[in-house]
Amino acid sequence: MTLASGALAAGAIATAGSAAAEEVPQHQGGAVATLGGLQTYGQAVIRENGTDQQVPAGLFEMSVDGGGTLQTYCVDIQNPTQKDAKYQETPWSGTSLNSNEDAGRIRWILQHSYPQVNDLAALAQKAGARTLTEQEAAAGTQVAIWRYSDGAEVDAVDPEAEKLADYLYKSARRAAEPRASLTLDPPAVSGRAGERIGPVTVRTDADAVSVTPPADAATSGVKIVGRNGKPVTSAANGSRLFFDIPEDAPDGSAALAVQASTTIPVGRAFASESRSQTQILAGSSESTVSATASATWAKKGAIPALSAEKNCAKSGVDITASNKGDQPFTFRLMGLKHTIEAGTSRTVTIPLQEDQAYDFTIKGPNGYEKRFKGVLDCRTEASAIGNKTEPMSVPSPASAGGTSTGGGDLAETGGSSATPMIAGIAVLMVVLGAAAMFLLRKKPTPTTTDTEQSPED
């Protein structure tokens, strides 16, 4: 058994372990895209504390890595966009939508307005407007979304766009969160050499996905197989994949990748580690989506598998650890010792402060290391800092691992770039105090009570 430790300094969890540790981003699969900026928009007015602030409101465009284009609206009015920020498809549980009981109504708006509804004459008639241009339709839709995502007092400047916003806001009903475009479940498995390790289940709305074996498969002998033990190069929703490990393989690890081209479901959230405002999908071309899963094996001892996922309901990051070995797997994190008995799996929730960057490494036997890093972004900017920011329409340049306060050159929706500064000592005390409240738990089963399923669900 080996131990890993985590430490806090200057508001972030510092690396505990080798810089060569395998880095595990909290991206659970799907699309990765780069923000291009506002493409179709009008103007809106935010009314707060007796003052009015005019901001652009409408559709953003993002370019998908590997091919494809996305159209999105934002769900954090007070937070600025950051130019060229990288975004990852993210479940609602990893964003401010997690705690928003009206998140389903936002999805309903997306399904029943522009650009999903491109008959603007019919949309205008429903809204009681004379006519609607694309710019007015985009502005009205964004305003209606902001009223639910941020609880903002916001109106469209154009009267016709305002009629659409009122219609959408009053008409919205609850709709279920859309499924991810592509994930592998679980993202990490473990077992013994000479066995088939898994299964890893494919979850996707694509017709088929391509399966890429480990990079060193030709020399290591590791194969990716189906339930029948035959090698696979493609799979579909529900397919179960296994790592077939040779009996004489030395202790080690490997990864598989899956990729597909599909239309991403409307309502999927997109989050950025650079703290650029969260986006929600309004439209998608055929786009490239991908996911990865890893396997670890050994002949004896502890054989851990680790994965991480943001948990906004608990204001932290879930570290899920399983152990398929014959000895306990023990690690230390933030001063606390955690033991995963042989043949069991547990989830440890690490509490963090809003906007806090984290970066820590967990070590295991035979040189096993997993590094987890990211930024906790679970609340809208207004709710995070007491609704006291001054909104602004100028984006900041994308920054790595935090929020930048620099100016940009695109007119975008969003608010102040003044993220609250938390002193390192204060953060240290708060988080260490919260460490005593670590939770070891099973994840709750989601329900769809009082929801309206969309056609693709």
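**Exercise 1.** In this predicted model, determine which residue of strand 16 stands opposite Ile 224, and then place strands 14 and 16 within their sheet.

*Solution.* Begin with the residue pair: Ile 224 has Phe 243 of strand 16 standing opposite. Next, consider the strands themselves, where strand 14 and strand 16, the latter covering residues 240–244, run antiparallel and are joined by 3 bridges. Widening the view, one finds an open sheet of 4 strands with antiparallel pairing, in the order 10-12-16-14. Strand 10 (182–185) and strand 14 (223–225) are at the edges, and because each has a single partner strand, one side of each lacks a neighbour in the sheet. Finally, if direction is ignored, the neighbouring strands of this sheet are turned against each other by 30° on average.

**Exercise 2.** Identify the cysteines that form the disulfide, assign its handedness, and state where its two partners lie in the chain.

*Solution.* The structure contains 1 disulfide, and the cut-off for such a pair is a sulfur separation within 2.5 Å. Cys 312 and Cys 378 form the disulfide, with their sulfur atoms 2.1 Å apart. The torsion about their S-S bond is about -80°, and therefore the disulfide is left-handed. The pair links distant parts of the chain, 66 residues apart: Cys 312 belongs to the loop between strand 21 (304–311) and strand 22 (316–323), whereas Cys 378 belongs to the loop between strand 27 (369–375) and helix 6 (381–384).

**Exercise 3.** Classify Cys 312, Cys 378 and Cys 74 as buried or exposed.

*Solution.* Buried means under 20% relative accessible area. Cys 312, at 9%, is buried; Cys 378, at 5%, is buried; and Cys 74, at 0%, is buried.

Notes. Residues are numbered from 1 along each chain as its sequence is written. This is a predicted model: local features need pLDDT of at least 70, side-chain atom pairs count only at pLDDT 80 or more; totals for chains, interfaces and linings use all residues. Side-chain values use heavy atoms; hydrogens and water are left out. Two strands pair if DSSP finds at least two bridges between them. Helices (H or I, at least four residues) and strands (E, at least two) are DSSP runs, numbered from the N terminus. Axes are lines fitted to C-alpha atoms, for helices over the stretch in contact, and angles run from 0 to 180 degrees between N-to-C directions. Buried means under 20% relative accessible area, exposed over 50%, partly exposed in between (1.4 Å probe, protein chains only).
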